[in-house]
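Colleague: I am new to this structure and would like a close look at a single part. Please take the open sheet and the helices that lie across it.

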Amino acid sequence: MCCYSKRRFLLLYATQKGQAKAIAEEISQQAGAHGLEADMHCISEMDKYNLETEKDPVVIVISTTGTGEPPDTARKFVKKIQDTTLPPDHFAHLQYGLLGLGDSEYMFFCNGGKTVDRRLQELGAQHFYDTGLADDCVGLELVVDPWIDGLWLALSKAVLLQKEKEGMNSVVDAVSSSLSTAPHVVHELNLRSEVQNLRLEDDGARSSHVLSQNLDDINRVTPARNTEASLVHSVPPISQSALNVPALPPEYIEVQFEDTCGENPHLSSLILEGTTFEVPVTKAVQLTREDAIKTALLLELDISDTVFDYQPGDAFCVICPNNNSEVEELLHILGLSEKGDDFVCVKVKQGTKKKGASRPQHIPERSTLKFILTWCLEIRAIPKKAFLRALVECTSDAGEKRRLQELCSRQGTSDYTRFIRDSNVCFLDLLHAFPSCKPSLNLLIEHLPKLQARSYSVSSSDLYQPGKLCFVFNIVEFPACPARPVSRKGVCTGWLAELVAPLLHPSSNTLDTKGESPSTVKISICPRPNNTFHLPADPSVPFMMVGPGTGISPFIGFLQHRQKLREQHTDREFGETWLFFGCRHQDRDYLFKQLRCFLENGTLTHLKVCFSRDSSTAEVAPPKYVQDVIRLYAKDVARVLLKERGYFYICGDKKHMADGVSDAVVDILSMEMEADKLEAMKILAMLREEKRYLQDVWS
């Protein structure tokens, strides 16, 4: 490779679910082949790097979470750089490249990366490489792979420029020589061009491995019959192609079984940011009828003995375990059924080739094997390509081995997207599909991400129900399909439903031998405040709420809070309130029929409902969806938003509802203002900027 010593660059990552960290590790791993060395740190480890004095190029990989916020690990960093007293040349010495990760299903796409990028620019930092924004909606790899390919030339040039500034001519000559004699380097990368137009002059220079097989070898592992492509079967041309597969990630974790006993860590140790509270579930109510398509539950928690503080509109997280039967199934596949309750010691493997290797923060150094699989690892995670590459080495059947190689290769990107990512195939599904794959325990710890706490909107007001916190959720269902042999419930919603079953269906079976109630059901929660999705500070300002299905959840808290404020401050002026609610059937899933009470006592000024699956005998069919109802009140929407400077809140499904509501509002603004659609879209963007058009949505 290069004849000069490897040059350092600083590599920072900010991750919520492990994606950004995995990509940063891939960059770090590839760096050596390009004569570079990554000094990699989580962006939260501010004691290990200093951007104020950093002279080498900086690469940042950052994801987005919630409604456009940077990940939890980046909060302190973002707060620090957003200090308004910093001068505009604070980072004038800094040269950086940034890769943002996001999902265009959400309104503030890649906003975590955009926030950091924009602020660094404001403080004088300079790009040495164009910013990349990768979209998980279509596949991160469509931007990530070419962005990494082009990074090496840009980094080498940045190092060259830095050394020129330092006057180190000898190093400059060496770097210049290496660049001029390296035919494999990608000479140009325009991130704005279409991905398919990107070309690599020599794939072999990257840290990927070209898998070459002659046609006879390929035919031996390819089904003879002309089958359609599937998770386990491929068809030409990929089934007969040489493959570019990623380099094998170096193993770096060692798991040792111990004979001793002990106690597992407390669940609070699993949450690195914030405080956890163990609270009792005091009530569980099924809000839907048994024949409803979805089952919605309301749970009430007792937080009176905690310092848990919240406002209506806030969210909180529930710390949940993996499904016990799935954990047992995984232990069986791994051949460890008898060792689930044995204690293991997890540490870094001696002599590992992985630079800066450390035990993942979410994995305890010592616990039972079952604790790790139950509380620490997201065993439902969609396997990344690097994991598939590692699984190749654990697979004995030649046909299965070849298919896994295809799925993790560049040539297999569309198959990976179609049969794994878009089909939501998890690690367990993969093990069922490729039965000769027998991974070691350390690979799971190295490649499966942290089991995330699940976030829910608060559906109550502490002013209305002191010491209580309520939330509403649908029990998520994943039906069986060719890639998923059995149906499954959501990790958290399925667990909660099973946990509160005795409260939902009390019977003589739930009493102990003394005739007393069973022990109280408790769950662990942690706060996740929302900085914007709150009631207007001025109660005289009108607002509109759109919340079909369980999207109504935060608005129950809004209305409870408003009712108590009206009772406590009878002399105050309160603005009008609108609620647009919709569901499938009026008699099956109208979640809160007590909304009428808010209407009758004046807390709610206007209640507009619709039912999408109910038949009607009316000459003019009633509107089916909330976006259709909103159009009927176009003048009121325009008046509240434009003339009275009111607020507009949306909560619920993004793709099938929130986008439709936004389209309806744009049409209303265009019509009522007699402006073209582009002008109306600009006004909506302004309302969002002013935090008067607010969304709490999910995909």
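Modeller: What follows describes the sheet, its edges, one strand pair and two helices, and then turns briefly to a pocket elsewhere.

This is a predicted model, in which local features need pLDDT of at least 70 and side-chain atom pairs count only at pLDDT 80 or more, while totals for chains, interfaces and linings use all residues. Residues are numbered from 1 along each chain as its sequence is written, and side-chain values use heavy atoms, with hydrogens and water left out.

The open sheet is formed by 5 strands in the order S22-S21-S20-S23-S24, and the pairing is parallel. Strands (E, at least two residues) and helices (H or I, at least four residues) are DSSP runs, numbered from the N terminus. Two strands count as paired if DSSP finds at least two bridges between them. Strands of a sheet pair through backbone hydrogen bonds, either parallel or antiparallel.

At the edges stand S22 (606-611) and S24 (693-698); each has a single partner strand, so one side of each is left without a neighbour in the sheet. On average, neighbouring strands of this sheet are turned by 10° against each other, direction ignored. For angles in general, axes are lines fitted to C-alpha atoms, for helices over the stretch in contact, and the angles run from 0 to 180 degrees between N-to-C directions.

At the S22 edge, strand S21 (residues 577-583) runs parallel to S22 and is joined to S22 by 6 bridges. One of the residue pairs is Cys-583 with its bridge partner Phe-611 in S22.

Two helices lie across strands of this sheet. Helix H16 (residues 553-568) lies across S20 (543-546), S21 and S23 (647-653), and runs at about 145° to S20. Helix H20 (residues 654-673) lies across S20, S23 and S24, at about 155° to S23. Contact here means heavy atoms within 4.5 Å.

Elsewhere, the second largest pocket holds about 340 Å³ of space. Its lining has 17 residues, and the closest to the pocket centre are Asn-322, Asn-323, Asn-324, Trp-495 and Glu-498. A pocket is an open set of points on a 1 Å grid over the protein atoms alone, with protein on both sides within 12 Å along at least five of seven lines, and lining residues have an atom within 4 Å of a point. Its volume is the space filled by probe spheres set on the points, which are joined across faces, edges and corners. Helix H14 (491-499) is among the elements that each supply at least two lining residues, and H14 gives the largest share, 5 residues.

Note on methods. On a 1 Å grid over the protein atoms alone, a cavity is a set of points where a 1.4 Å probe fits but cannot get out, and a pocket is an open set with protein on both sides within 12 Å along at least five of seven lines; lining residues have an atom within 4 Å of a point.
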